[in-house]
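User: Can you walk me through this one? I'd like strands, helix packing, charges and cysteines.

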Amino acid sequence: MAADDSAVGYGGEPTPAELRDLQARADALTRDIAAMRSRLAGQSHLPRNLRSALPESVDRGLVRASQRLSAAADGLARVRAAQWLGACTTGWGICPHCGLTLQAEDDRSWCEGCGTAWDYDRSQGPCGERGVYLAMDELGGTVLVCAAHGRYLSERLDGGLLLAIPEL
């Protein structure tokens, strides 16, 4: 196996674990570069251009890359969790307590009703809450939905049904 093979997995969609591993390596590289800069800066006998050979912009770039990898890993983990058997299949988020009361800004969201906050934009992407209703439209199409989406849909299912799924 080539060195590059073990560094990036085996193809296909990256897993949250692979992204977090890459983030950890970016964090370690950032620390190593900062330590190297500190060691170079402490070498008074070296010419100034060599002592400043590692610009701070490299650190900033690696920190941004690590933050983006972390956000991607978290987002992918949420999508994967929403795909688990028994999860709400609705493609948009909702406050599990209040319904359509979410606000989002800067990749964070909160409920205007109860004040619950999330460190990601819950309004985007799959819901992923535990499914408790089977919603059926008038043509027979069905989706599994959580309690909050069920409350929302119950007012809008013109000719459809909302069936509670008994807990086993």
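User: How many bridges join β4 to β6, and do they run parallel or antiparallel?
Analyst: This is a predicted model. In it, four bridges join β4 to β6, and the two strands run antiparallel.

User: Which residue stands opposite Leu134 in β6?
Analyst: Leu163.

User: And how many bridges join β4 to β5?
Analyst: Four, and that pair is antiparallel. Met136 has Thr142 in β5 as its bridge partner.

User: What sits between β4 and β5?
Analyst: Five residues, making a hairpin. Gly140 in the turn has a positive phi of about 95°.

User: What about β1 and β2?
Analyst: Strand β1 covers residues 102–105 and strand β2 covers 108–111. Four bridges join them, antiparallel. Gln103 stands opposite Trp110 in β2. This hairpin has two residues between its strands. Asp106, in the turn, shows a positive phi of about 50°.

User: Switching to the helix. Which residues of α5 are buried?
Analyst: Ala148, His149, Gly150 and Leu153, in a helix that spans residues 147–154.

User: What covers them?
Analyst: The cover includes β4 (133–136), β5 (142–145) and β6 (161–164).

User: What does Ala148 touch, leaving aside neighbours within four places in sequence?
Analyst: Ile94, Cys95 and Pro96.

User: Which residues make up the largest nonpolar core?
Analyst: Eight of them: Cys88, Ile94, Cys127, Ala135, Val145, Cys146, Ala148 and Leu153. There is also a second, separate core of five residues. Leu102, Cys111, Trp118 and Tyr120 are among them.

User: Why would nonpolar side chains group like that?
Analyst: In soluble globular proteins, nonpolar side chains tend to be buried together.

User: Charges next. How many salt bridges?
Analyst: Two. One is between the side chains of Glu129 and Arg122, at 2.7 Å, N to O. The other links Glu155 and Arg156, at 3.1 Å, N to O.

User: Are Glu155 and Arg156 buried or exposed?
Analyst: Glu155 counts as exposed, because its relative accessibility is 64%. Arg156 is partly exposed, with a relative accessible area of 45%.

User: And the Glu129 pair, buried or exposed?
Analyst: Mixed. Glu129 is at 28% relative accessibility, so it counts as partly exposed. Arg122 is at 5% relative accessibility, so it counts as buried. The cut-off for buried is under 20%.

User: Where is Arg122 found?
Analyst: In the loop between β3 (117–118) and β4.

User: What does Arg122 touch, not counting residues up to four places away in sequence?
Analyst: Gly93, Ile94, Pro96, Leu102, Ser109 and Glu129. Of these, Ile94 belongs to the largest nonpolar core, while Leu102 is in the second core. Glu129 is the salt bridge partner.

User: Last topic: cysteines. How many disulfides?
Analyst: Zero. Cys88 is in no disulfide; its nearest cysteine sulfur belongs to Cys127, 3.9 Å away. Cys95 is in no disulfide either. For Cys95 the nearest cysteine sulfur is that of Cys111, 3.5 Å away.

User: Why don't those distances count as disulfides?
Analyst: Because a disulfide needs the two sulfur atoms within 2.5 Å. The Cys88 to Cys127 distance is 3.9 Å, and Cys95 to Cys111 is 3.5 Å.

User: Are Cys88 and Cys95 buried or exposed?
Analyst: Cys88 is buried, with a relative accessible area of 0%. Cys95 is at 0% relative accessibility and counts as buried.

Methods. Residues are numbered from 1 along each chain as its sequence is written. This is a predicted model: local features need pLDDT of at least 70, side-chain atom pairs count only at pLDDT 80 or more; totals for chains, interfaces and linings use all residues. Side-chain values use heavy atoms; hydrogens and water are left out. Buried means under 20% relative accessible area, exposed over 50%, partly exposed in between (1.4 Å probe, protein chains only). Contact means heavy atoms within 4.5 Å. A nonpolar core is a set of buried Ala, Val, Leu, Ile, Met, Phe, Trp, Tyr and Cys residues joined through side-chain atoms within 4.5 Å. A salt bridge is a side-chain nitrogen of Lys or Arg within 4 Å of a carboxyl oxygen of Asp or Glu. Two strands pair if DSSP finds at least two bridges between them.
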